[in-house]
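Work through the following exercises with the sequence and the model open beside you. Each task is followed by a solution that goes step by step.

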Amino acid sequence: MDSILRWKTLTRFSWLMVVLAALFHFSSGISVVTKAVQGMAALSCNYNISVDELSRVRIYWQKENNMVLSIISGNVQVWSQYQNRTFSDITNNLSLVILALRLSDRGTYTCVVQKTEKGSFKVEHLTSVMLSIKADFPTPSIIDFEHPSPDLRRILCSTSGGFPKPSLSWLENGEEVKAVNTTVYQDPETELYTVHSNLDFNVTSNHSFMCLIKYGDLSVSQIFNWEKLKEDPPGNQIGVPILIGVSVVIVIGIIALCFYCIYRPATRRNERSVVV
């Protein structure tokens, strides 16, 4: 039993040494591919092969310690996490193509090509590619949310679909102002964040607020401007009643003229009848 265990341990150790040696011998540095969430990434194995050769090689794509895709004797197998969105582009340097990218796809991918030599498969080529996934927050929107009191307005700033975890602050003239409340939520499936915050302000003054959202080394912002309502000058306040009074007099005059035009001819006919 001990000899069997030692043999298995030695076999695993030998395989690890082969992989490390191949990595040292074949790899000339890890390239980095950066793509956006829900986009498409093509990770190159940097190895040209014809379709006819597929039956004589073994091709493995793995991410860290997890298998992604394999091609053995021309048969392609895709592991569950990547099914229906991952395939190998044989004609493009054995590239691994991943669709509908997720944040969980980020990491280092390794391509291993084995060929038969003297009846056994040996490492012919090995290369690694680091996949970086970015998820930028769109420019936030600010809406007039509600009116807690006649002199107060409440505005709402929000954005979603970004990563990493954001922080939101309100600024006026470069100074931070206190929000009513701020909420940050992360979707457990996509790992993307949503953030929104409410701010109350007095409508009797002019304001220019900035909603600033920072995430990692990046940031997005939006401006909200408010101008207080202008009051009518004293002259206009007096002129309005006068204008209303003049309008009433004109209307009464028009009505009186209409009555005069209707009843005056009838009065004249009555006067002629009396004379006869």
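**Exercise 1. Determine the handedness of the link between Cys 157 and Cys 211, and place both cysteines in the fold.**

Step 1: the torsion about the S-S bond of Cys 157 and Cys 211 is -85°, and the link is left-handed. Step 2: Cys 157 belongs to strand 11 (residues 152-162) and Cys 211 to strand 16 (residues 207-215), so the pair ties together parts that are 54 residues apart in sequence; strands (E, at least two residues) and helices (H or I, at least four) are DSSP runs, numbered from the N terminus. Step 3: the sulfur atoms of Cys 157 and Cys 211 are 2.0 Å apart, and a disulfide is taken to be a pair of cysteine sulfur atoms within 2.5 Å. Step 4: both Cys 157 and Cys 211 are buried, where buried means under 20% relative accessible area, exposed over 50%, and partly exposed in between (1.4 Å probe, protein chains only).

This is a predicted model, in which local features need pLDDT of at least 70 and side-chain atom pairs count only at pLDDT 80 or more, while totals for chains, interfaces and linings use all residues. Residues are numbered from 1 along each chain as its sequence is written, and side-chain values use heavy atoms, with hydrogens and water left out.

**Exercise 2. Find which parts the disulfide of Cys 45 and Cys 111 ties together, and give the pairing of the bonded cysteines.**

Step 1: the sulfur atoms of Cys 45 and Cys 111 lie 1.9 Å apart, forming a disulfide. Step 2: Cys 45 sits in the loop between strand 2 (41-43) and strand 3 (57-63), whereas Cys 111 is in strand 8 (residues 107-117), so the pair joins parts that are 66 residues apart in sequence. Step 3: this disulfide is left-handed because the torsion about the S-S bond of Cys 45 and Cys 111 is about -80°. Step 4: Cys 45 is buried, at a relative accessible area of 0%, and Cys 111 is buried, with 0% as well. Step 5: the whole structure holds 2 disulfides, and, with the bonded cysteines numbered in sequence order, the pairing is 1-2, 3-4.

**Exercise 3. Decide whether Ser 70 is buried or exposed, and list its contacts beyond neighbours within four places in sequence.**

Step 1: Ser 70 lies in strand 4 (residues 66-72). Step 2: Ser 70 counts as buried because its relative accessibility is 4%. Step 3: leaving aside neighbours within four places in sequence, Ser 70 is in contact (heavy atoms within 4.5 Å) with Ile 59, Tyr 60, Asn 75, Val 76, Gln 77 and Trp 79.
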